[in-house]
Amino acid sequence: MDRSIALRGLGTLLLCAVVVGCASVAPVPYSEMASSAYMAPDKSDASGRVPYRYSTAADWRAYNKVILEPVVIYRGRDHQFGDMSDKDKATLAAYMQTRFADRLRGRFALVREREAGTLRIRLTLTGAVANTPVLGTLSRFDLAGAVYNGVQAARDGEGMMTGSVVYGVEIFDATTSRLLSAYVTKQYPAAYDIKASVGSLAAATAGVDKGADALLAQLN
């Protein structure tokens with residue numbers, strides 16, 4: 001087959017994917033998360049990465065220790081895993097546990113006891129989208145894909161046929177169990193992150209990395 005014809009065919013396929021919205025998901029205030037009743041639309045978030053949030057005037061500098069609970073895999077009917085296997089969910093949850101712990105160690109002592117100056121953080125994995133095999137990577141080089149991904153890169157949007165991760169964060173004062181902050185977020189790699197397009201969970205894990213950095217920035 002002529003190479004130019006093949007490339008045009010790929011471009012057509014990619015444009016069709018844009019029209020149908022690909023496999024993108026939009027987070028919701030998940031009904032079975034304990035903090036869902038407190039969260040409201042976050043109008044200050046223009047990126048769409050954190051559409052729902054609850055926050056208080058917490059003094060994060062008053063805390064120097066953190067209890068990181070085991071990551072919860074959400075089982076509610078409004079989950080957004082699609083047909084993702086339980087094995088992939090467990091893999092992604094384990095990765096979240098490791099990455100968030102690594103990031104938090106840069107600011108807090110990770111502890112198990114509830115004492116003064118300690119936060120308790122609960123992460124709930126509520127959804128994820130896997131990369132589209134082969135086409136996700138090829139879309140970075142195809143002409144039609146390059147145009148779309150270029151626009152998305154400029155606006156910090158999702159790349160074409162690229163996966164993502166969706167999860168909830170709940171932050172409590174460990175001694176009083178008072179809810180200090182809660183939000184749901186969707187995280188994904190930069191539109192031209194080629195490495196994150198290779199492997200079914202590569203984009204989702206890259207999103208976890210970005211989300212862990214965002215949480216640490218919030219708590220500094």
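A polar contact here is a pair of N or O atoms within 3.5 Å, where within protein one atom must be able to donate a hydrogen and the other to accept it, and where residues adjacent in sequence count only if both atoms are side-chain atoms. Keep that in mind for the stops in strand S8 below.

This is a predicted model, in which local features need pLDDT of at least 70 and side-chain atom pairs count only at pLDDT 80 or more, while totals for chains, interfaces and linings use all residues. Residues are numbered from 1 along each chain as its sequence is written, and side-chain values use heavy atoms, with hydrogens and water left out.

**The whole chain**

Begin with the full chain in a cartoon view, where you can find five helices and eight strands; helices (H or I, at least four residues) and strands (E, at least two) are DSSP runs, numbered from the N terminus. Followed from the N terminus on, the elements run α-β-β-β-β-α-β-β-α-α-β-β-α. Of the 220 residues in the chain, 48% are buried, where buried means under 20% relative accessible area, exposed means over 50%, and partly exposed lies in between (1.4 Å probe, protein chains only). Contact means heavy atoms within 4.5 Å, and among contacts between residues at least 6 apart in sequence, 77% join residues at least 24 apart.

**Ser 181 and Thr 185 in strand S8**

Select Ser 181, which is found in strand S8 (residues 179-187), and show its side chain together with that of Gln 218, since a polar contact of 3.2 Å joins the two. Ser 181 is buried, with a relative accessible area of 1%. If you leave aside its neighbours within four places in sequence, the residues in contact with Ser 181 are Tyr 54, Ser 55, Trp 60, Val 169, Glu 170, Ile 171 and Gln 218.

Move along the strand to Thr 185, which also lies in S8 and is buried, with a relative accessible area of 0%. The side chain of Thr 185 makes a polar contact of 3.1 Å with the side chain of Gln 187. Not counting residues up to four places away in sequence, Thr 185 touches Pro 27, Arg 49, Val 50, Val 165, Val 166 and Tyr 167.

**The loop before S8**

Now select Ser 177, which lies in the loop between strand S7 (164-173) and S8. The phi angle of Ser 177 is near 65°, a positive value in a residue other than glycine, and Ser 177 counts as partly exposed at 36% relative accessibility.

**Helices H2 and H5**

Two packed helices are described by the angle between their axes and the distance between the axes. Select helix H2 (residues 86-104) and helix H5 (residues 202-219), which pack at an angle of about 35° with their axes 9 Å apart; the axes are lines fitted to C-alpha atoms, for helices over the stretch in contact, and angles run from 0 to 180 degrees between N-to-C directions. Among the residues that make the contact are Leu 92, Tyr 95 and Met 96 of H2 and Val 208, Leu 215 and Leu 216 of H5.

**Salt bridges between and beside the helices**

Side chains of opposite charge can pair when their charged atoms come close. A salt bridge is a side-chain nitrogen of Lys or Arg within 4 Å of a carboxyl oxygen of Asp or Glu, and a search of the whole structure finds ten of them.

With H2 and H5 still selected, show Arg 99 and Asp 209, which form a salt bridge whose closest N and O atoms are 3.4 Å apart. This pair links distant parts of the chain, with Arg 99 in helix H2 and Asp 209 in helix H5, 110 residues apart. Arg 99 is partly exposed, with a relative accessible area of 28%, whereas Asp 209 counts as buried at 19%.

Next show Arg 103 and Asp 213, where the closest N and O atoms of the salt bridge are 2.6 Å apart. Arg 103 lies in helix H2 and Asp 213 in helix H5, so this pair too ties together parts that are 110 residues apart in sequence. Arg 103 counts as partly exposed at 22% relative accessibility, and Asp 213 is partly exposed as well, at 41%.

Then select Asp 102 and Arg 105, whose side chains meet in a salt bridge (3.0 Å, N to O). Asp 102 is partly exposed at 35% relative accessible area, whereas Arg 105 is exposed at 51%.

For the last stop, select Glu 69, Arg 120, Arg 122 and Glu 170, which are linked in a network of salt bridges.
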